[in-house]
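Student: I would like a close look at one part of this protein, with its surroundings explained step by step. Please start from a single residue and work outward.

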Amino acid sequence: MKQKTESFKRAALPKAPTSIKGLDEITGGGLPKGRPTLVCGGAGCGKTLFAMEFLVRGATLYNEPGVFISFEETEKELTANVASLGFDLSGLIQQKKIWLEHFQIDRDKIEKSGDIDFASLFVRIHSAIENIGAKRVVIDTMESLFSGYHNPAVLRSELRKLLQWLKKKGVTAIITAERGDGRLTRQGLEEYVSDCVILLDNRVSDQSSIRRLRIVKYRGSTHGTNEYPFLIDEDGFSVLPVTSLGLNYFSSPERISSGISRLDTMLSGKGYFRGSTVLVSGTAGTGKTSMASQFVEAACKRGEKVLFFTFEESPSQLVRNMCSIGIDLEPWLKKGLLQFHATRPTLYGLETHLTTSIKIINKFKPHVVILDPINAFVIGENQSEVKAMLLRLVDFLKMKRVTAFFTSLTSAGENMEISDVYVSSLIDTWLLLRDIEIGGERNRGLYVLKSRGMAHSNQIREFKLTDKGIELLDVYVGPEGVLTGSARLSQETKNDAEQLLRQQEILRKQYGLERKREALEAQIVLLKTEFDAEQSEALKVIGIEKARIERFTQDKEKMAKSRKGDNDNKVVTAGREKKVKLLKSHLKPDEPK
């Protein structure tokens, strides 16, 4: 008999979406539904805010009322603390979508012979759940509940009872806990009895604060395992899962102008690829920001939106400076096509810079993003961290099909083909600006170090900052290389003089040839006239001779006829034909015979 094999169907773990930006992506849909989740971390890392936003989003977006049990902050304090983030707890409480419960612990009454009585806590949680039909519960924090008790066995037993009771109630619970020394929590118990553990970290590096999130474990579900930067701002809690970005983004074949026609010619005549990453590096004063501004103006003229991150100049100063070279950015600011974001790199940490930038990009939705300069983030020996941040940003921009334009300051005397943050592998088109010193002058030069996916020029081109923008000049090469400045002007003057001499020589030769042609034509006319005269005279003589021969022939025929002698007639006729042939041989082929 044939046995019937039933195919196994994969069942997904039910999850409760958090709607916290980025978190649902790395958790595969949210927190485990109907199960407890531990959120642990040090002071100030955002545990309470994380839990509160989970409740608010559930109540407002998914119609899942929530209960918040607090052991530290009162209802009034919680309401005031989250109001600045746009959470109207008072309104949600009136609508019976949120229930705030402050549970004050009296350790002298709770501790009885080493045992902990959770009955009153269970009663209050049960009452709150029943009052609003809660689907989500937050307990903040466990340290306040367990402080003062040092029996691990009892603590673990009572904690397990609490979590099992919450599971039976069918609610999705978040329990917050303080991080311990070398452990996820101070007691080292909560992480083992929780189905999901999320670690929040707030570290300080080079005097900058960096917040990161990591999912330590998630029973029954796959999840992201990296550290993810997160941001707490006026819109709440947001996670940036950029480390999960891959290399599967779309590469557009469309080309866009750099704003400099001769530079476009150097890039196979069409400019940059849309969605590519462009780096312009060079020493101070070589025109990096000017080249970025020229690209900004070209993009705005095409009707594209540009987001300009500047880390060294204020927007007002940058706009004023660009006006000196004929680039007016003010109209594009007024039209809303150009937006500046100016901050000092030391204002906050790299991850916060990254998350802030991503947030602004998502809100403004630009076609082009400028970072000027990227090496401003390098402080001390953090090149690897800066490269990691830029890698995430580049991947994000490529996924969004946004063209990125970076500038980087290089130090004089160093290998200029190595960037300070070692991001050359991330760059699609790299333009290198340099000073060229010849004849006691310093002039600006440009060349394309690399440009992926296109043929490009290998020439070093001098360029000037004029009142009409950036202008690439003609190439003049001397014994010592490319001629620039006065040497170039001298070469141009020399070339113009040589060109003038060559033109004059050509005119002289053309005039001589014309004179010879006229003399030849005159000589031909004279020879033809002489020939015509001689021909006319010859024809007259020939005509007279023919007439004489004809007359002589006729007389002979008459004489032969009168004598009636045939033989004589034939002789005379043969002689006449011989003379006629002789006369005809002296005539030209085209003359009448």
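Tutor: Start at Tyr272, bearing in mind that this is a predicted model. Leaving aside residues up to four places away in sequence, Tyr272 touches Glu254, Arg255, Ile256, Ser258, Leu263, Leu267, Val278, Phe295, Phe405, Thr429 and Leu431. Here a touch is a contact, that is, heavy atoms within 4.5 Å.

Tyr272 belongs to the largest nonpolar core, which has 37 residues. Tyr272 is also listed among the residues with the most contacts inside that core, together with Leu263, Met291, Leu329, Leu338, Ile370 and Phe405. Two of these, Leu263 and Phe405, appear among the residues that Tyr272 touches. The element that gives the most to this core is helix α11, residues 288-301, with six residues. Apart from this core lies another, of 36 residues, including Leu13, Phe50, Leu55 and Val56.

From helix α11 we can step to a neighbour, helix α12. The buried residues of α12 pack against α11, and also against β17 (306-310), α13 (330-335) and β18 (338-342). Helix α12 covers residues 315-323, and Leu318, Val319 and Met322 are buried in it. Looking down the axis of α12, these buried residues fall within an arc of 100°, so they line one face of the helix. On the face turned away from that buried side, α12 carries the exposed residues Ser316 and Arg320.

Helix α3, residues 75-83, can be read in the same manner. Its buried residues include Leu78, Thr79 and Val82. Down the axis of α3 the buried residues fall within an arc of 100°, so they line one face of this helix. Lys76 and Ala80 are exposed, on the face of α3 turned away from its buried side. The partners of the buried residues of α3 are α2 (47-61), β4 (66-70), α4 (89-94) and β5 (98-102).

Last, the whole chain. It has 17 helices and 26 strands. Of its 593 residues, 46% count as buried. Among contacts with a separation of 6 or more, 69% are between residues 24 or more positions apart. The accessible surface of the chain comes to about 31800 Å², and 51% of that belongs to carbon and sulfur atoms.

Definitions and conventions. Residues numbered from 1 in each chain as written. Predicted model: local features only at pLDDT ≥ 70, side-chain atom pairs only at ≥ 80, totals over all residues. Heavy atoms only, no water. Buried < 20%, exposed > 50% of the residue type's maximum accessible area, 1.4 Å probe, protein only. Helix = DSSP H or I, 4+ residues; strand = E, 2+ residues; numbered from the N terminus. Arc of directions from axis to C-beta. Areas by Shrake-Rupley, 256 points an atom, 1.4 Å probe, with all protein chains shown as cover. Core = buried A, V, L, I, M, F, W, Y, C linked by side-chain atoms within 4.5 Å.
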